[in-house]
Each structure stands twice: as C-alpha cells, then as structure tokens.
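What follows is a short report for a reader who is meeting this structure for the first time. Please keep the sequence and the model in view while reading.

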Amino acid sequence: MNAANFLVSILFETYILIILLRVWLQLARADFYNPMSQFIVKATQPVVRPLRRVIPSLGGLDLASVVFAYAVACAMIYTLFGVQTGAIAPIQDVLIFAAIKLVKQCFSLVFYVLILRAILSWVSQGNSPVESVLSQLSEPILAPIRRIIPAIGGLDLSMLVAILGLQFLQILIGDLTGIPF
C-alpha cells in the first residue's frame with residue numbers, strides 16, 4: 001500500500017504543481033515563449049482551454065486553471081482515500097482536504113522555485129532559459145525583502161529569509177488546521 005500511495009501522490013502532486021505554475025506564470029506575466037513556459041502550457045492546455053470558455057478570468061487570475069488544480073487535488077484525495085481504505089471518501093472531507101492540499105502545493109511550488117533559482121545562480125552564469133523564468137517568478141517575492149534587508153557584504157539574504165518565512169507559514173497553517181504539512 002505504501003508504494004501505491006507514493007506513486008499516486010507523486011503523479012498527482014507533480015501535475016498540480018504544473019497547473020499552479022501555469023497560474024503563477026500568468027500572474028507574474030512571465031515570458032510565455034520560454035521553452036519551460038511552453039512545456040507548462042502544452043501540459044495543461046487540453047483541459048484549461050475548454051474550461052476558459054465556461055470559467056472567466058478574474059483580473060489577472062486564471063480561474064479556469066485554479067479550478068482545474070482544485071479538481072485534480074480532489075481527485076488525488078479521493079484516490080488516496082480509496083487506495084488506503086478501500087472505501088469511498090465522504091465528499092465534504094475530499095473538498096476540505098483538497099483545498100488544504102492546494103495551499104500546501106502552492107507553498108511547495110514557491111519553495112522549489114526559490115531553491116532551483118538559488119542552485120542555478122551558482123552554476124548557470126545566467127544563460128539558462130529556465131533561470132530567466134525562475135527569476136521572473138521569484139523576483140516579486142524577493143524584491144520587497146531586499147528593500148527591508150539589504151545585501152550584507154555582497155551577500156543577498158533575501159532568498160534565505162523568503163525560504164524561512166515560507167517554512168514558518170507552512171508550520172503555522174499546519175498548526176491551525178491540525179493537519180501537518
């Protein structure tokens with residue numbers, strides 16, 4: 001059962017991250033002609049395009065993609081419950097746990113983007129198309145921190161502060177909901 005849970009979780013969580021990355025790319029107005037952005041669009045477009053006909057955007061937020069991510073999170077919770085117990089999950093539990101899972105995935109996505117950007121900044125020399133998209137995504141998070149905490153001796157601590165703040169928020173939400181992240 002643990003192997004099945006792991007496989008189901010990895011497949012669903014990865015696709016949820018891809019969908020949420022699409023939402024974030026649109027919010028940040030990142031370069032959609034970048035190869036990484038094109039992959040994200042192609043991986044989600046078959047479902048998002050028809051949903052957009054029914055669900056309009058709200059300001060800069062692509063609600064069709066958010067609803068799609070929530071539906072995938074519901075399917076994940078429902079599937080995991082079935083794999084673990086062999087029973088049908090109560091719908092109200094699925095809806096609540098899927099919302100919590102979506103918040104958790106948002107935090108995970110921000111964490112992964114920050115970590116990948118930090119690693120690429122050490123090895124890439126700024127030539128990677130992935131690094132440019134990660135920069136476009138993370139800069140709105142890091143810029144306000146840089147205004148408060150300037151570079152100390154040429155060392156930019158904004159990435160560390162952002163990651164620590166993110167971890168704090170994950171723990172706080174886990175404490176408030178009673179569900180550990």
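## A buried isoleucine in helix α2

The model shown here is a predicted one. A convenient place to enter it is Ile40, a residue that lies in helix α2, which covers residues 35-54. Ile40 counts as buried because its relative accessibility is 3%, and a residue is called buried when that value is under 20%.

Which residues does Ile40 touch, once those up to four places away in sequence are not counted? They are Ile18, Leu21, Arg22 and Leu25. Ile40 can also be placed relative to Ile19, since the two are 21 residues apart in sequence and their C-alpha atoms are 7.5 Å apart in space.

## Overall architecture

The protein has six helices and zero strands, so that reading along the sequence gives the pattern α-α-α-α-α-α. Its C-alpha trace spans about 60 × 40 × 30 Å along the principal axes.

Of the 181 residues of the protein, 37% count as buried. Among the contacts between residues at least 6 apart in sequence, 63% join residues that are at least 24 apart.

## Helix α1 against helix α3

Two packed helices are described by the angle between their axes and the distance between the axes. For helix α1 (residues 2-27) and helix α3 (residues 63-85), the axes come within 9 Å and cross at roughly 175°, which means that α1 is roughly antiparallel to α3. On the α1 side the contacting residues include Val8, Phe12, Ile16, Ile19 and Val23, while those of α3 include Val66, Ala69, Val72, Met76 and Val83. Sorted by class, the residues of this contact divide into 17 nonpolar, five polar and two charged.

## An aromatic pair between the two helices

A search of the whole structure finds two aromatic pairs. One of them is formed by Tyr15 and Phe68, whose rings meet edge-to-face, with 5.7 Å from centre to centre and 80° between the planes. Because Tyr15 lies in helix α1 and Phe68 in helix α3, the pair ties together parts that are 53 residues apart in sequence. The two partners can also be described by their accessibility: Tyr15 is partly exposed, with a relative accessible area of 25%, whereas Phe68 is buried, with a relative accessible area of 10%.

## Helix α1 against helix α5

Helix α1 also packs with helix α5 (residues 129-148), here at an angle of about 70° and with the axes 10 Å apart. The two helices, α1 and α5, are therefore roughly perpendicular to each other.

The contact is made by Leu21, Trp24 and Leu25 of α1 together with Val133, Leu137 and Ile141 of α5. By class, the contact of α1 with α5 has six nonpolar residues, no polar ones and no charged ones. Leu21 and Leu25 have already appeared in this report, as residues that Ile40 touches.

## Cysteines without a disulfide

How many disulfides does a search of the whole structure find? It finds zero. A disulfide is a covalent bond between the sulfur atoms of two cysteines. For Cys74, the closest cysteine sulfur is that of Cys106, which lies 14 Å away and is therefore too far for a bond, given that a disulfide needs sulfur atoms within 2.5 Å.

The surroundings of these cysteines can be stated as well. Cys74 is buried, with a relative accessible area of 13%, while Cys106, at 36% relative accessibility, counts as partly exposed.

Technical notes:
Residues numbered from 1 in each chain as written. Predicted model: local features only at pLDDT ≥ 70, side-chain atom pairs only at ≥ 80, totals over all residues. Heavy atoms only, no water. Axes fitted to C-alpha atoms, helices over the stretch in contact; angles between N-to-C directions. Helix = DSSP H or I, 4+ residues; strand = E, 2+ residues; numbered from the N terminus. Parallel < 35°, antiparallel > 145°, perpendicular 65-115°, else oblique. Contact = heavy atoms within 4.5 Å. Nonpolar A, V, L, I, M, F, W, Y, C, P; charged D, E, K, R; others polar. Buried < 20%, exposed > 50% of the residue type's maximum accessible area, 1.4 Å probe, protein only. Phe/Tyr/Trp six-rings, centres within 6.5 Å; stacked < 30°, edge-to-face > 60°.
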